[in-house]
Amino acid sequence: MDVTATAEDLRVLRQLVAELNKNKPAQQSRVDTPTPQIHIKARFVEIPESYLSGAAKNDLPADMTNGAGILTAAETKRLIKQIETQKNAEWLAEPEVTTTSGRQVRMLATMVQTIITNFIFEENLTNQWIEPKTGTIETGPILDVVPQGLSDGYTVDLRTIASLATFYGYA
């Protein structure tokens, strides 16, 4: 923050700040450590359902369920190579984010679709007609993440909620 004042006003302000700092309790006068920042990269890939139910499932890391999991660098490289050999695999997105510990972020690979939301009856002096009204929705995979840096300064508790928004058509 910048302060603009006369030299005399600045001298008075410095004295006041020094006096306030002198009267602070010991725990408040310490310099607060910054909140840890955490860098996250997600990969959204669409693979054939048969991949997760077939023989390749045996090669997946044990803690992966339904194709979701946290992998080591070596496990990630091996899995990417396996996925790239699949005929119908499609990489959708690889979003990255840097956030502070404890702050929720949303990572997604969605598409905006225009859909009909309502029908309006219109008329003029000679004609009557029904006109569709449209709106938009986002469809695709969504990953909500709340990373929490632990006290050892290295370990991250990574709370995740994965979801898939799908438009199935009109009833």
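**Strands, core and salt bridges in a predicted model**

With a relative accessibility of 12%, I115 falls under the 20% cut-off and therefore counts as buried. The model is a predicted one, and I115 sits in its strand β6. Setting aside neighbours up to four places off in sequence, I115 makes contact with K133, T134, G135, I137, F167 and Y170. T136 is 21 residues away from I115 along the sequence, yet their C-alpha atoms are just 5.9 Å apart in space.

What about I116, also found in strand β6? This one counts as partly exposed, its relative accessibility being 32%. I116 belongs to a nonpolar surface patch along with F119, F121, I130 and Y170, and together they offer about 560 Å² of accessible area. Strand β6, running over residues 111-123, supplies the largest share of that patch, with three residues.

Stepping back to the whole chain, there are four helices and eight strands, and in sequence order they read α-α-β-β-α-α-β-β-β-β-β-β. Of the 171 residues, 17% count as buried. The accessible surface comes to about 13,600 Å², with 53% of it belonging to carbon and sulfur atoms. As for contacts between residues at least 6 apart in sequence, 58% join residues at least 24 apart.

Now for the interior. The largest nonpolar core is made up of nine residues, namely I38, I40, A42, F44, V105, M107, A109, L143 and V145. Strands β1 (37-41), β5 (105-108) and β7 (128-149) each give two or more residues to this core. One of its members, V105, touches V97, T99, L143, D144 and V145 once residues up to four places away are left out.

Strand β1 shows a neat split between its two faces. In a regular strand, side chains alternate between the two faces of the sheet. Here I38 and I40 point to one face and are buried, whereas Q37, H39 and K41 point to the other and are not. The strand pairs with β4 in the antiparallel sense, over five bridges, and within β4 the bridge partner of Q37 is T100.

Next door to T100 in sequence is T99, another residue of strand β4 (residues 96-100). T99 has a relative accessibility of 6% and so counts as buried. Beyond its neighbours within four places in sequence, T99 is in contact with P36, Q37, I38, V105 and P147.

Turning to charges, the model holds six salt bridges. Side chains of opposite charge can pair when their charged atoms come close. One of the bridges joins K41 to E94, with the closest N and O atoms 3.3 Å apart. This pair ties together distant parts of the chain, as K41 is in strand β1 and E94 is in the loop between β3 (90-93) and β4, 53 residues apart. E94 also meets R43 in a salt bridge, at 3.7 Å from N to O. That link, too, joins distant parts: R43 lies in the loop between β1 and β2 (44-46), 51 residues from E94. How buried or exposed are the three partners? K41 is partly exposed at 39%, E94 is partly exposed at 39%, and R43 is partly exposed at 38%.

Another salt bridge runs between E131 and K133, whose closest N and O atoms are 3.6 Å apart. E131 is partly exposed at 31% relative accessibility, and K133 is partly exposed at 33%. Through shared partners, salt bridges join K41, R43 and E94 into one network.

Definitions and conventions:
Residues numbered from 1 in each chain as written. Predicted model: local features only at pLDDT ≥ 70, side-chain atom pairs only at ≥ 80, totals over all residues. Heavy atoms only, no water. Buried < 20%, exposed > 50% of the residue type's maximum accessible area, 1.4 Å probe, protein only. Contact = heavy atoms within 4.5 Å. Areas by Shrake-Rupley, 256 points an atom, 1.4 Å probe, with all protein chains shown as cover. Core = buried A, V, L, I, M, F, W, Y, C linked by side-chain atoms within 4.5 Å. Pairing = 2+ DSSP bridges. Patch = residues over 30% accessible without salt bridge, like charges linked within 9 Å, V, L, I, M, F, W, Y side chains within 5 Å. Salt bridge = Lys/Arg side-chain N within 4 Å of Asp/Glu carboxyl O.
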